[in-house]
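Q: Please take a close look at one part of this structure and follow it outwards, in connected prose. Explain the packing and the backbone as you go.

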Amino acid sequence: MRPLHIIACVKVVPRPEEVRVNTETWTIQRDGVRSEINPPDMNALEAALALRERHGGRVTVVAMGPPMFVLYLRLALAMGADEAYLLSDRAFAGADTLATSYTLAQGIRKIGDYDLILCGEESSDGATAQVPPGIAEWLNAAQITYAEDLEVLPGLGMVKARRELTGGYEVIQSPLPCVASVKVGANEPRFMDMERKAWAEAEGPLTVWTAADIDVDPEMIGLPGSPTIVDGVAQAEASERKREFLAGTPEEQAQALVERLRAYL
Amino acid sequence: MTKSLYGAKEASTIWVYLEQAQGRLAGVSLELVGKARELTDGRGIPLVGVLLGDQVSGLAQEAIAAGADEVRVAEHPLLRQYTTDGYTKVFTELVLAGKPDILLLGATPNGRDLAGRMAVRLRTGLTADCTDLKLEEETGLLVGEVTGFGGGILAYIKCPDNRPQMATVRPGVFAVPEPDAARQCKIVSAPVTLTKDDIKVQVLEHVDGQGVDITKANVLVAAGRGCQGDLTLVNELASLLDGEVGVSRVPVDKGWASRDRMIGQTGYVTRPKLAIVCGISGAFQFSVGIEKAETIVAINTDAEAPIFEQADYCIVDDMFDVLPPLIEAVKRARGGNGGR
């Protein structure tokens with residue numbers, strides 16, 4: 001078997017704790033908000049790097065987004081990825097999960113020779129978890145969602161993983177190529193290597209592709225390629241709560257609480 | 001525009017995926033049947049439940065009692081266990097034959113796995129992880145409510161042109177309807193063509209869990225980062241109150257608790273009568289999963305924690321100082337209650 005080629009898909013998201021909503025315009029205020037690689041995608045990247053350590057081969061990182069994502073792809077190179085690709089074009093903007101998974105799949109086709117495509121379980125901003133199965137369908141590959149304990153069986157051309165289900169789990173084996181979404185918290189992502197960081201910033205192999213560089217149907221990307229539309233936004237209704245603070249020692253607080261909760265005891 | 005495989009003009013019914021495992025329907029499937037019944041009533045839209053599996057037709061009755069007008073059952077030995085390939089192939093063929101206008105699935109691990117794959121195969125729009133559903137008055141289009149990240153923003157998503165309009169809904173968002181055993185409806189057996197070659201993956205091992213379902217608990221004692229991995233007192237209080245233990249994301253990520261106990265945006269939406277929230281700051285991602293509780297108690301060392309804005313009773317103190325006397329006080333109160 002030729003050397004293993006793993007592609008890790010990453011997204012850059014605003015840090016959720018810094019995001020504020022402008023309640024006049026109902027838009028997300030991004031000014032001054034720091035971004036980060038979507039934390040679940042760090043689990044995917046770590047899984048890719050760990051598999052490369054075990055089996056050899058190479059790890060390519062791919063993302064779709066604005067030019068500023070380049071900074072974060074260099075971080076992924078500093079962590080250990082061999083190569084990075086950014087799919088960046090104004091025409092990709094406004095994509096829902098159908099258009100996003102199509103665009104990423106076409107980018108992955110262009111990168112080529114892939115065995116395993118790893119994604120984070122979901123993004124911390126959208127949290128739909130729909131892009132990994134979408135990529136798998138566009139590429140006509142097998143899929144394993146919510147995967148942990150990923151094991152490549154190079155002789156068999158298979159990948160094996162455990163999937164957590166409602167209440168239980170299963171262990172499944174899939175032929176390569178396969179798209180797997182890595183369960184959040186499945187591993188501890190490594191820190192970037194300071195020596196690699198200098199290399200990544202100076203000469204790390206990073207390629208930016210526009211829509212013209214990958215074979216995409218202009219009607220199937222970005223806003224035009226997205227069948228879903230946002231029809232409006234509103235503020236979540238805060239339910240009225242009593243907000244009664246109980247005072248005193250822990251014993252007094254406990255007693256006061258129990259008196260108020262008698263109906264439930 | 002990416003065109004779906006059939007258009008709005010040909011589509012008319014609402015379909016609900018009846019997810020089953022080990023001879024039981026998923027609670028969320030019944031919740032969806034109940035909600036879909038509410039959406040269709042007065043509009044005369046037929047409500048169809050779709051059941052896939054091996055020898056599962058006995059489960060159809062439960063969906064009928066919950067409000068389905070018809071249940072289509074696709075049975076095949078290769079559907080005994082869920083696989084993406086097998087279920088996507090069979091379900092997509094059913095959809096192309098029946099052309100539903102709307103297709104609803106529960107946002108369970110397998111429901112999301114299936115929905116994400118089918119939406120692309122059908123070239124249609126999928127609104128994932130809805131917290132509410134409605135039909136637009138003038139157009140009858142499905143409008144899915146999803147929570148935007150950060151500060152409690154709701155977004156309304158629709159899919160005007162492509163069919164079916166797909167949505168997944170989180171477990172616990174809607175109530176399970178009261179079963180009506182007198183309801184009658186058709187059970188239709190659907191043809192299935194499936195061979196081993198259609199299924200790329202192989203299920204080597206399948207283990208059912210302990211069946212913890214925090215969405216059904218009347219009392220939830222929830223713990224977060226503040227429990228520092230020690231759930232002893234939380235467990236004790238929960239069992240004393242005949243409740244369950246729930247957690248925020250941190251204990252799941254740290255391996256202190258299993259994912260089926262996770263409350264919040266990426267976990268379960270719960271609606272207990274009483275929630276006692278210990279050592280959880282109350283970020284939006286968590287509180288969206290607990291806000292439907294009748295009464296919320298918050299225990300946290302940080303008086304500024306947002307959880308106190310969402311609580312009925314607030315205790316600013318360390319959970320490890322408060323829980324022991326609370327457990328004793330509950331025991332005393334129970335004793336005076338006739339020792340329930």
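A: Two residues are taken to be in contact here if their C-beta atoms, placed from the backbone, lie within 7 Å. The model is predicted. The starting point is B:Gln81, which by that criterion touches B:Val203 and B:His206, leaving aside residues up to four places away in sequence. B:Gln81 sits in the loop between strand S6 (70-75) and H3 of chain B. The C-alpha atom of B:Gln81 is separated by 7.8 Å from that of B:Ala21, a residue 60 positions away along the chain. Is B:Gln81 buried or exposed? A residue is buried if 20 or more other C-beta atoms lie within 10 Å of its own, exposed if 12 or fewer, and partly exposed in between. B:Gln81 has 16 such atoms within 10 Å, so B:Gln81 is partly exposed.

The loop that holds B:Gln81 runs between S6 and H3 of chain B, and H3(B) can be taken next. Two packed helices are described by the angle between their axes and the distance between the axes. Helix H3 (residues 84-98) of chain B and helix H4 (residues 109-121) of chain B have axes that come within 10 Å and cross at roughly 50°. The two helices, H3(B) and H4(B), are therefore oblique to each other, and H3(B) passes H4(B) in a right-handed crossing. On the H3(B) side the contact is made by B:Thr84, B:Tyr87, B:Thr88, B:Phe91 and B:Thr92, and on the H4(B) side by B:Asp113, B:Leu114, B:Arg117, B:Met118 and B:Arg121. By class, this contact of H3(B) with H4(B) has four nonpolar, three polar and three charged residues.

H4(B) also has a place in the contact between the chains. That contact takes 81 residues from chain B and 72 residues from chain A. Of the side of chain B that touches chain A, the largest share, nine residues, comes from H4(B). The residues on this side of chain B divide into 37 nonpolar, 24 polar and 20 charged.

Elsewhere in chain B, helix H5 (residues 232-240) and helix H8 (residues 319-335) pack at an angle of about 15°, with their axes 10 Å apart. That makes H5(B) roughly parallel to H8(B), and their crossing is left-handed. B:Leu233, B:Glu236, B:Leu237 and B:Leu240 in H5(B) meet B:Leu323, B:Pro324, B:Leu326, B:Ile327, B:Val330 and B:Lys331 in H8(B). The contact of H5(B) with H8(B) holds eight nonpolar residues, no polar ones and two charged ones.

These helices belong to a chain whose secondary structure comes to eight helices and 20 strands. The radius of gyration of chain B is 22 Å, close to the 20 Å that the globule rule gives for 340 residues, so chain B is as compact as a globular protein of that length. Buried residues make up 54% of the 340 residues in chain B. Of the contacts in chain B with a separation of 6 or more, 64% are between residues 24 or more positions apart.

The backbone of chain B has two further local features. Most residues other than glycine have a negative phi, and most peptide bonds are trans. Phi of B:Gln55, however, is near 55°, a positive value. B:Gln55 is in the loop between strand S5 (47-53) and helix H2 (60-66) of chain B, and with 13 C-beta neighbours inside 10 Å it counts as partly exposed. A cis peptide bond joins B:Arg163 and B:Pro164, with omega about -5°. B:Pro164 lies in the loop between strand S12 (162-163) and strand S13 (165-169) of chain B.

On the partner side, chain A has six helices and 15 strands. Helix H3 (residues 97-111) and helix H4 (residues 131-138) of chain A have axes that come within 8 Å and cross at roughly 50°. H3(A) and H4(A) are therefore oblique to each other. By class, the contact of H3(A) with H4(A) has eight nonpolar, four polar and no charged residues.

How values were computed: Residues numbered from 1 in each chain as written. Chains lettered and ligands numbered in written order. Predicted model: local features only at pLDDT ≥ 70, side-chain atom pairs only at ≥ 80, totals over all residues. Helix = DSSP H or I, 4+ residues; strand = E, 2+ residues; numbered from the N terminus. Rg over C-alpha atoms; globule rule 2.2 N^0.38 Å. Axes fitted to C-alpha atoms, helices over the stretch in contact; angles between N-to-C directions. Parallel < 35°, antiparallel > 145°, perpendicular 65-115°, else oblique. Left-handed = near helix turned anticlockwise from the far one by under 90°. Nonpolar A, V, L, I, M, F, W, Y, C, P; charged D, E, K, R; others polar.
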